[in-house]
Amino acid sequence: MIKVYNPELLISDAQDKLTQLVRDDFKPFILRCEQHKLCVLENENLILFSVLFDKCSPIVDEAQLTITLVSQKDESKIIAIKFADKKGMSYLQHYIHSRKTYSKYMGPLAYQPVRKERTSLLSTESPEQNFRGILNLAILILIANHIRLIFENFQKYGLLITNVFWKFEMVQINGNPIMQALLVLIINLLSGFGIQYLQFKRDLNPSIIRTLNVFNIVLTIIIPCYVIQGSHPGLNLIFLGVQFIVFMKLISYAHFLRNTYFYIQRIKQVKNKKVTLDHFFAEYEVNNENLKILEKYSQNQSRILDFKHFLYFLAAPTLCFQLSYLRTNSIRKVWLIKRIIEYIFVILFLVIIWFQYTEPLVENTYKMLSKAPTLMVLVDRLLKLAIPNTYMWIALFYGQFQCFLNITAELLRFADREFYKDWWNCKNLEEYWRLWNLPVHHWLVRHIYFPCLKSGMSRTTSNMIVFLVSALGHEYIVSASIGVVEAWAFVGMFAQAPFMLIQKKLEKLLKLQDSQLGNLMFWMTFCFIGQPIMIFVYYFRYLEKIGHPI
């Protein structure tokens, strides 16, 4: 039986007083067991000490057992029972753990559960809210549901990803439209550098230079788009993404160096005056870092053209040309290998999701809607497509912005790795487009938004033009990849501009700036409505174009 003792009398030699201290009403106790040591924690006056004299008498003697009263830092005291060997400690622990902690009996007048003002845990005013267990349940339900979908898909279609590589017709390089289009892009890039050579080394008329730049940039969009028609739409989509990146980089290169040329001419005019250059240039025109570089090359402006720097800009994970970029000290090889492995797994994941789940689902939907086009069927198929579409979207984001751009940045020792911000927490569409793709956002701000403001346009008009350019870019990439112009991507993108203005006013009117309702609407709009509808519309048009049997 576990007893309660007063520690000071227990440790004393007055053994005759020991029996007088045995009580029938026990206090709660806490045990902390360490190797060869048992600490009994309780208040200073009554500390539980269980030696179990009747069961453990063979191990309880002065040679094996040491009992001390230890003072803690917080002025509380504990009894420390130390054994000479591990066997005695284990023996005592066995009997202590085999008995339950005895708590003092409390009568109805002592045990009073309703004793203070409290709120339910699920109430919003409750200070303690921990839903980790519910989150674990939701994760298990999600996993179970996806396992069921995997088995269902396999039973219905079998293993489709074995035929992935046969879907792409591999032809000779001289007959491959993608390779021919890449050759055109390379020519456009070299022409872009050559035009700047004429400007800085030959001092050709700026109007002629601008005409040549516009002509070269327009050809960058038109010729490759015409050449790739007839190729596989998946390859077209990848190539057009690369092509549009080249298009934006050429615009940035031409726009930046055009302004550079004019600023160098101004420096030449005012350099001999006894005033520092920052008196002639505002900070919003040229920052101090670029002003020093321009002053350095003002005597020989052709030196500002560096073909290696041009190639670095083409490969760097940025769309905005600069005279200099921040660089890291070295390449982290282990970190780089991890990102490469992640990128490979993301590509494999995307291939599986598309060919095993998305493509057969869209083709079946095409057949169902062709035979019985009802709203219920459309809603059902949209909800089914929403899950693989969301996975593809997130995987594309992670693969492109976290893996590929970081791989490129690490190889080039490119220091600024802020390619995105926490767009997943956005409360409205404006936040999403500002945080989702920072390289494109910076390009639009620098080469579209600010020039519009400089020309005298209002902020609202400038924002509308930015969305117009973005909508045209999305429509171009999607429509040109399948060879069908539908303008749904353009309408869906451009319509967001007035919707964002309405959303802002509603947030102020209803005071929803800190509400999660906007974030829920964002996820629903993109994952369950917008993107699934776009996939259906454009893929249906592609199937009709190739004469897919119903």
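## Close-up views

**View 1. The buried residues of helix 8 (residues 288-297) are N290, L291, I293, L294 and Y297.** Buried here means under 20% relative accessible area, exposed means over 50%, and partly exposed is anything in between, using a 1.4 Å probe and protein chains only. Helices are DSSP runs of H or I with at least four residues, numbered from the N terminus. Because the buried residues span an arc of only 160° around the axis, they end up on the same side of helix 8; the arc is taken from the directions running from the helix axis to the C-beta atoms. As a reminder, an α-helix has 3.6 residues a turn, so residues three or four places apart point the same way. Flip to the other side of helix 8 and you find K292 and K296, both exposed. The cover over the buried residues includes helix 7.

**A note for all views.** This is a predicted model, so local features need pLDDT of at least 70 and side-chain atom pairs count only at pLDDT 80 or more, while totals for chains, interfaces and linings use all residues. Residues are numbered from 1 along each chain as its sequence is written, and side-chain values use heavy atoms, with hydrogens and water left out.

**View 2. The second largest pocket holds about 1300 Å³ of space.** A pocket is an open set of points on a 1 Å grid over the protein atoms alone, with protein on both sides within 12 Å along at least five of seven lines; a cavity is a set of points where a 1.4 Å probe fits but cannot get out, and lining residues have an atom within 4 Å of a point. Points are joined across faces, edges and corners, and the volume is the space filled by probe spheres set on them. This pocket has 34 lining residues, and F256, N287, N290, Q322 and R446 lie nearest its centre. Helix 7, helix 8 and helix 13 (438-454) are the elements that each give two or more residues. Helix 13 chips in the most, with eight. By class, the lining splits into 17 nonpolar, ten polar and seven charged residues. For the bookkeeping, Ala, Val, Leu, Ile, Met, Phe, Trp, Tyr, Cys and Pro are nonpolar, Asp, Glu, Lys and Arg are charged, and the others, Gly among them, are polar.

**View 3. W433 sits in the largest nonpolar core, which has 47 residues.** Such a core is a set of buried Ala, Val, Leu, Ile, Met, Phe, Trp, Tyr and Cys residues joined through side-chain atoms within 4.5 Å. Y432 and W433 make the most contacts inside this one. Helix 7 (residues 233-270) supplies the largest share, seven residues. Beyond its neighbours within four places in sequence, W433 is in contact (heavy atoms within 4.5 Å) with H441, F467, H474, M493, Q496, M500 and F526. Another core, of 26 residues, lies apart from the largest one, and its members include I221, C225, M248 and V466.

**View 4. The largest cavity has a volume of about 50 Å³.** Its lining is made by L429, F499, Q503, G518, M521, F522 and T525. Helix 16 (496-510) and helix 17 (517-545) are the elements that give two or more of these residues, and helix 17 has the largest share, with four. The lining comes out as four nonpolar, three polar and no charged residues.

**View 5. The second largest cavity contains about 30 Å³ of space.** G192, N213, N216, I217, L250, Y253 and A254 form its lining. Helix 6 (206-227) and helix 7 each bring at least two of them. Here the class count is four nonpolar, three polar and no charged.

**View 6. R381 is found in helix 11 (residues 375-412).** This arginine is buried, at 5% relative accessible area. Setting aside neighbours within four places in sequence, R381 is in contact with L361, N364, T365, M368 and F536. V362 and R381 are 19 residues apart in sequence, and their C-alpha atoms are 8.3 Å apart in space.

**View 7. D203 lies in the loop between helix 5 (177-201) and helix 6.** Its phi is near 50°, a positive value in a residue other than glycine. D203 counts as partly exposed, at 44% relative accessibility.
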